[in-house]
Amino acid sequence: MNKEKEFLKSVHMTAEELIGSISQNTPYYVKIMSTESGLRGSFYEAQKDVLRKEFFEQLKTPTKVYDAKILEKNRGGYFVNVHGVDAFLPGSLASANKIINFEAFLGKTVKVMLDSYVNESDTFIVSNKRYIEHIMPTLS
């Protein structure tokens, strides 16, 4: 369990709580990987695979909202992490308003929805603007 720190952080549990949850028959995915020392199971890698599959479904009919942690910026926007899956948040889709200080967003978490996928770079594009458009009807 010591190697599953990222998974435990993403599900907001301690190792003991996860073990208790498993013993109560709560289902979890585990990805089995081959290493030099034999086989190893990873909850975190399985979670990323399941989430990527969900992202592809969300591209067809986007309905889910995700939290994206802004990690770093580049000329066109931000590299973000959505529950273990890396994605790109273009500056033009990062906020409802024009962003003046790109540095101010670093380290923040923003609500996003899936926007598109770039096959050549295996990158999901996410959008805060799409999230805002999605929730606007409920705010009226």
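## A walk through the chain

Follow the protein chain along its sequence and the elements come in the order α-α-β-β-α-β-β-β-β-β-α. That comes to 4 helices and 7 strands. Keep in mind as you look around that this is a predicted model. For a sense of scale, the C-alpha atoms fill a box of roughly 50 × 40 × 30 Å along the principal axes. The protein chain has 140 residues, and 34% of them count as buried.

Let's start with the β1 and β2 pair. Strand β1 covers residues 31-35 and strand β2 covers residues 38-42; the two run antiparallel and are joined by 5 bridges. Together they make a hairpin, with 2 residues between the strands. If you'd like a spot to anchor your eye, find S34 and look across to its bridge partner in β2, which is L39.

L39 turns up again on the surface. Along with V30 and I32, L39 forms a nonpolar patch there, and the three have about 320 Å² of accessible area together. V30 sits in the loop between α2, residues 15-23, and β1. How exposed is V30? Its relative accessible area is 43%, so V30 counts as partly exposed.

Next, move on to helix α3, which spans residues 43-60 and gives the most to the lining of the largest pocket, with 5 residues. The pocket itself holds about 270 Å³ of space. Its lining is made up of F7, V11, P27, Y28, Y29, F43, Q47, V50, L51, E54 and H83. Two of those names are worth remembering, E54 and H83, since both come back further on in this tour.

Now for the charged side chains. Side chains of opposite charge can pair when their charged atoms come close. The structure holds 8 salt bridges, and three of them make good stops.

One is between E45 and K48, whose side chains meet with N to O at 3.4 Å. Why are these two about one helical turn from each other? Because E45 and K48 are 3 residues apart in helix α3. E45 is partly exposed, with a relative accessible area of 23%.

Another involves E54, which you met in the lining of the largest pocket. E54 forms a salt bridge with K64, and the closest N and O atoms are 3.4 Å apart. This pair links distant parts of the chain: E54 belongs to helix α3, while K64 is in the loop between α3 and β3 (66-74), 10 residues apart. Both partners are partly exposed, E54 with a relative accessible area of 23% and K64 with 39%.

The third stop is the salt bridge where the side chains of E103 and K73 meet, at 3.2 Å from N to O. What does this pair tie together? E103 lies in the loop between β5 (85-90) and β6 (109-118) and K73 lies in strand β3, so the contact connects parts that are 30 residues apart in sequence. E103 is partly exposed at a relative accessible area of 45%, and K73 is partly exposed at 35%.

K73 has brought us to strand β3, so let's look at its neighbours in the pairing. β3 pairs with β4 in the antiparallel sense, over 5 bridges. These strands form a hairpin too, with 2 residues between them. Here E72 is the one that stands opposite F79 in β4.

β4 has another partner as well: β4 and β5 pair in the antiparallel sense over 6 bridges. Within that pairing, V80 stands opposite A87 in β5. In a regular strand the side chains alternate between the two faces of the sheet. The β4 and β5 hairpin has 2 residues between its strands, and this is where H83 takes a positive phi near 50°. H83 is also one of the residues lining the largest pocket.

Is strand β4 largely enclosed or largely open? Count its residues, 77-82: 5 of the 6 are buried, so β4 is largely enclosed by the rest of the structure. That strand is paired with β3 and also with β5, and it's a good place to end the walk.

Technical notes
Residues numbered from 1 in each chain as written. Predicted model: local features only at pLDDT ≥ 70, side-chain atom pairs only at ≥ 80, totals over all residues. Heavy atoms only, no water. Pairing = 2+ DSSP bridges. Patch = residues over 30% accessible without salt bridge, like charges linked within 9 Å, V, L, I, M, F, W, Y side chains within 5 Å. Areas by Shrake-Rupley, 256 points an atom, 1.4 Å probe, with all protein chains shown as cover. Salt bridge = Lys/Arg side-chain N within 4 Å of Asp/Glu carboxyl O. Buried < 20%, exposed > 50% of the residue type's maximum accessible area, 1.4 Å probe, protein only. 1 Å grid on protein atoms, 1.4 Å probe; cavity = no way out; pocket = protein on both sides within 12 Å on 5 of 7 lines; lining within 4 Å. Points joined across faces, edges and corners; volume = space filled by probe spheres on them.
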